[in-house]
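Got a few minutes to look through a structure together? Have the sequence handy and the 3D view open, and let's walk through it piece by piece.

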Amino acid sequence: MTAAPPAPFGLHATARLRAEAADGLTDLPLLHGDGPFALRRLRPRGPQARVCLLNTMSAPHNGDRLRVEAVVGPGADLHVISAAATVALPGPAPGHAVLDVALSVADSARLLWLPEPVISATGSDLRQHIRVDLAPGARLVLGEQQILGRAHEPAGRLACRVTVRHGGRTLLDQHTVYGPGAPGWDGPAVLAGNRAVGQLLVIDPAYRDLPPGTRILDDVPARAHGVVTPLAGPGVLLTAVAPDAGDLRRCLDAALRHLGLGAG
């Protein structure tokens, strides 16, 4: 009798990092990668610690369960980037892939979370959820970008949710779904044929007294569209769409300049 082939399974992995203020600088007492994740220290910028998140293997595939956790302690300053785009791919395991990101920022701390895009390849099915817990005096710059399909291929299915709590209250809870089975995602009311979409969320206690006003960005590539809108709290949200990743990045950089944060 021929033995049955082994059942397919997905990858389960969690990366963790913690930043703490120490003698006017930011220390990284916890920097732990797992599975496809490797965390690398970069040269600090003044008191700010910098970390690069590397994807050391092909992931996520359908069926994978991946998670990244970051805690920024009181008074710490952390900037996190990634070395390359995250490419969601089909795989042998049944079901969708999950990529959870859990971020916690304490009082008088700042987190810049600016990874490279998530690319949704044909046949992939990824559900991404970014959860952010901010103390009342915390500051945050968070960027997310989605590219729907690799070059000249149809998009996979990509569900993205961003939940931000500020001082114990919900400041933002947004859920978007793109790709096969999502009604109207490519129509004129949503992406209108664009294949790159991104957001830039900036939370700063200074916005309580003087929030930036709503503005349609005009210093962006001609094919891109972006609007900056204030939130019902100390923050602003940029939403941008573009035909490709290059125009989307230039649009996000223009928003950073508009908000006085520089680019990159």
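What follows is a tour of the sheet, the loops, the empty spaces and the salt bridges. One thing to keep in mind throughout: this is a predicted model.

**The sheet**

Let's begin with the open sheet, which is built from 7 strands. Their order is 2-1-5-8-11-13-14, and the pairing is mixed. At the edges sit strand 2 (25–32) and strand 14 (169–178), each of which pairs on one side only. Going from one strand to the next, the twist averages 10 degrees.

Inside that order, have a look at strand 8 and strand 11. These two run in the parallel sense and pair over 9 bridges. If you want a spot to zoom in on, find Asp100, which stands opposite His129 in strand 11.

**Odd spots in the loops**

Now for some backbone angles. As a rule, most residues other than glycine have a negative phi, and most peptide bonds are trans. Here are some places that go the other way.

Asp23 is not a glycine, yet its phi is positive, at about 55 degrees. You'll find Asp23 in the loop between strand 1 (12–22) and strand 2. Is Asp23 buried or exposed? Its relative accessibility is 82%, so Asp23 counts as exposed.

Ser108 also has a positive phi, near 60 degrees, in a residue other than glycine. Ser108 belongs to the loop between strand 8 and strand 9. With 59% relative accessibility, Ser108 counts as exposed because the cut-off is over 50%.

Then there's a cis peptide bond, running from Ala59 to Pro60, with omega near 5 degrees. Pro60 sits in the loop between strand 4 and strand 5.

One more loop residue is worth a click: Gly187, between strand 14 and strand 15 (196–203). At 18% relative accessibility Gly187 counts as buried, because the limit is under 20%. Gly187 and Pro230 are 43 residues apart along the chain, and their C-alpha atoms are separated by 26 Å.

**Empty space**

Where is there room in this model? Rolling a probe the size of a water molecule over the atoms shows where empty space is left.

The largest pocket holds about 350 Å³ of space. It is lined by 26 residues, and the closest to its centre are Leu53, Thr86, Leu99, Pro115 and Glu116. Which elements give two or more residues to the lining of the largest pocket? They are strand 4 (48–55), strand 5 (65–72), strand 8 (97–105), strand 11 (125–134) and strand 12 (139–148). By class, the lining of this pocket splits into 18 nonpolar, 6 polar and 2 charged residues.

There's also a closed space to find: the structure holds 1 cavity of 30 Å³ or more. The largest cavity has a volume of about 40 Å³. Lining it are Leu142, Glu144, Val162, Leu172, Gln199, Leu200, Leu201 and Leu237. Strand 12 and strand 15 are the elements that give two or more residues to this lining, and the largest share, 3 residues, comes from strand 15. Sorted by class, the lining of the largest cavity has 6 nonpolar, 1 polar and 1 charged residues.

**Salt bridges**

How many salt bridges are there? The count comes to 12. Here are some of them, with the distance from N to O:

| Pair | Distance |
|---|---|
| Arg18 and Glu20 | 3.1 Å |
| Asp77 and Arg110 | 3.0 Å |
| Arg150 and Glu153 | 3.1 Å |

The Asp77 and Arg110 pair links distant parts of the chain: Asp77 is in strand 6 (residues 77–82), Arg110 is in strand 9 (residues 110–114), and they are 33 residues apart. Asp77 counts as buried, with 13% relative accessibility, whereas Arg110, at 24%, counts as partly exposed.

In the Arg18 and Glu20 pair, Arg18 is partly exposed, with a relative accessible area of 30%, and Glu20 is partly exposed too, at 36%. As for the last pair in the table, Arg150 counts as partly exposed, at 43% relative accessibility.

Last stop: Arg223, Asp244, Asp247 and Arg250 are joined into one network by salt bridges that share partners.

Terms used
Residues numbered from 1 in each chain as written. Predicted model: local features only at pLDDT ≥ 70, side-chain atom pairs only at ≥ 80, totals over all residues. Heavy atoms only, no water. 1 Å grid on protein atoms, 1.4 Å probe; cavity = no way out; pocket = protein on both sides within 12 Å on 5 of 7 lines; lining within 4 Å. Points joined across faces, edges and corners; volume = space filled by probe spheres on them. Helix = DSSP H or I, 4+ residues; strand = E, 2+ residues; numbered from the N terminus. Nonpolar A, V, L, I, M, F, W, Y, C, P; charged D, E, K, R; others polar. Salt bridge = Lys/Arg side-chain N within 4 Å of Asp/Glu carboxyl O. Buried < 20%, exposed > 50% of the residue type's maximum accessible area, 1.4 Å probe, protein only. Pairing = 2+ DSSP bridges. Axes fitted to C-alpha atoms, helices over the stretch in contact; angles between N-to-C directions.
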